[in-house]
Amino acid sequence: MRGENTKQNSMLCLMSPEDVVPTDHPIRSIKKLADAALSKLSPIFDAMYASVGRPSIPPERLLKAQLLLVLYTVRSERQFCEQLSYNLLFRWFLDMDMIEPAFDATVFTKNRDRLMEHDVAGEFFRAVVDRARVDRLMSSDHFTVDGTLIEACASLKSFKKKGGPKEEPPPDDPGNPSVDFHGERRRNDTHASKTDPEAKLARKGNGKEAKLCFSAHALMENRNGLVVDFRVAEANGRAECETALAMLDANKEKSGSVTLGADKGYDTHAFVAECREMNVVPHIAQNITEYRGSAIDTRTTRHQGYSISQRIRKRVEEIFGWGKTVGNFRRTRYRGRARTQLCAYFVAAAYNLVRIARLTAGFA
């Protein structure tokens, strides 16, 4: 029998967002892990806000909203607030009821400086990492490091000579002028972006186009491929080695030797010497060419652990691949290194939460 297409809406409906999310949905495990990590940050949240005045949006809600931006590849904060009006899963994840109005996108802007001042995103990421350590999902002896480029929120048209005269926009289109860079030599030491001065001109390799970028660096443990540290640095030729050493120093246990897998971009005598001084065994791919030799010799390559590290280190590309596709972090939405680092922490935390939820699914 054909049903009738009735136009009358129900005048009364009793429903909770809890009822519309399936009981076996993977987001439930992620929400439980996120809530447990946020509960540890309550003292920091107390210090962030005054004890009197008008109540603000709960910081737990803002941080979980940032997770949803990453998990569901939402293009912008404004689009997220639009979806929050009708997406019941988003409301359930943020502990909002059916009639509570969605907050405005300016809430993110007004609270971003406060989050950066107290390093809330970093503390949240480290709380997720600590949860993985408690569950014995992380190795404390074997790591992998790698870096990639993140496009800056700035156009090549904004990359102009430092201290040069102010150029008048052409009459054809002042908002998006036509610019011809043919024959002009542009370098980071003589030019800077007017939109984001911290972004640097860089390219992934010979023959590739140059773009305004930041560099992102991940320290991965080799047991389950979880992110131990994730940092954004300036895009230059020294950032990979310098950031790798800083991450090792911050996350390595004071006693005991560890191994570090990496690609041949880290095969320099200075970096290898620094690693050995820190009691880190460099399992780095050998960069042997006609004009130079490798800093890694048979003292390292003859061991079976070296070949194992070289096989497992390729899993670090899954972190960057997930972050750039699902996490929408191929190009940053923010200007400046500090704001980009804020977003990077949420991308790494979301990746770890997804991995932890899957790894612990069989033990729930």
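**Notebook: exposure and backbone angles**

I looked up Asn279 and found it partly exposed, because its relative accessibility is 39%. I note that the model I am reading is predicted. Asn279 sits in the loop between helix H10 (269-277) and strand S8 (280-284). I then checked its backbone: the phi of Asn279 is near 65°, a positive value in a residue other than glycine. I recorded this angle because most residues other than glycine have a negative phi.

Next I turned to Asp119. Which loop holds Asp119? I located Asp119 between H7 and helix H8 (120-134). Its phi is near 50°, again positive although the residue is not glycine. With 30% relative accessibility, Asp119 counts as partly exposed, because that class lies between the 20% and 50% limits.

I then examined a surface patch. Met15, Val20, Met98 and Ile99 form a nonpolar patch on the surface, and together they have about 380 Å² of accessible area. I followed one of these residues, Ile99, to the loop between helix H6 (88-93) and helix H7 (106-117). Is Ile99 buried or exposed? I entered Ile99 as exposed, because its relative accessibility is 77% and the cut-off for that class is over 50%.

My last entry concerns Phe214, which I found in strand S5 (residues 211-221). Its relative accessible area is 1%, so I entered Phe214 as buried; the cut-off for that class is under 20%. I also looked up its separation from Ala105: the two residues are 109 residues apart in sequence and, from C-alpha to C-alpha, 25 Å apart in space.

Definitions and conventions:
Residues are numbered from 1 along each chain as its sequence is written. This is a predicted model: local features need pLDDT of at least 70, side-chain atom pairs count only at pLDDT 80 or more; totals for chains, interfaces and linings use all residues. Side-chain values use heavy atoms; hydrogens and water are left out. Patches are made of residues with over 30% relative accessible area and no salt bridge: like charges are joined within 9 Å, nonpolar side chains (Val, Leu, Ile, Met, Phe, Trp, Tyr) within 5 Å. Accessible areas come from the Shrake-Rupley method with a 1.4 Å probe; for residues, only the protein chains shown count as cover. A salt bridge is a side-chain nitrogen of Lys or Arg within 4 Å of a carboxyl oxygen of Asp or Glu. Helices (H or I, at least four residues) and strands (E, at least two) are DSSP runs, numbered from the N terminus. Buried means under 20% relative accessible area, exposed over 50%, partly exposed in between (1.4 Å probe, protein chains only).
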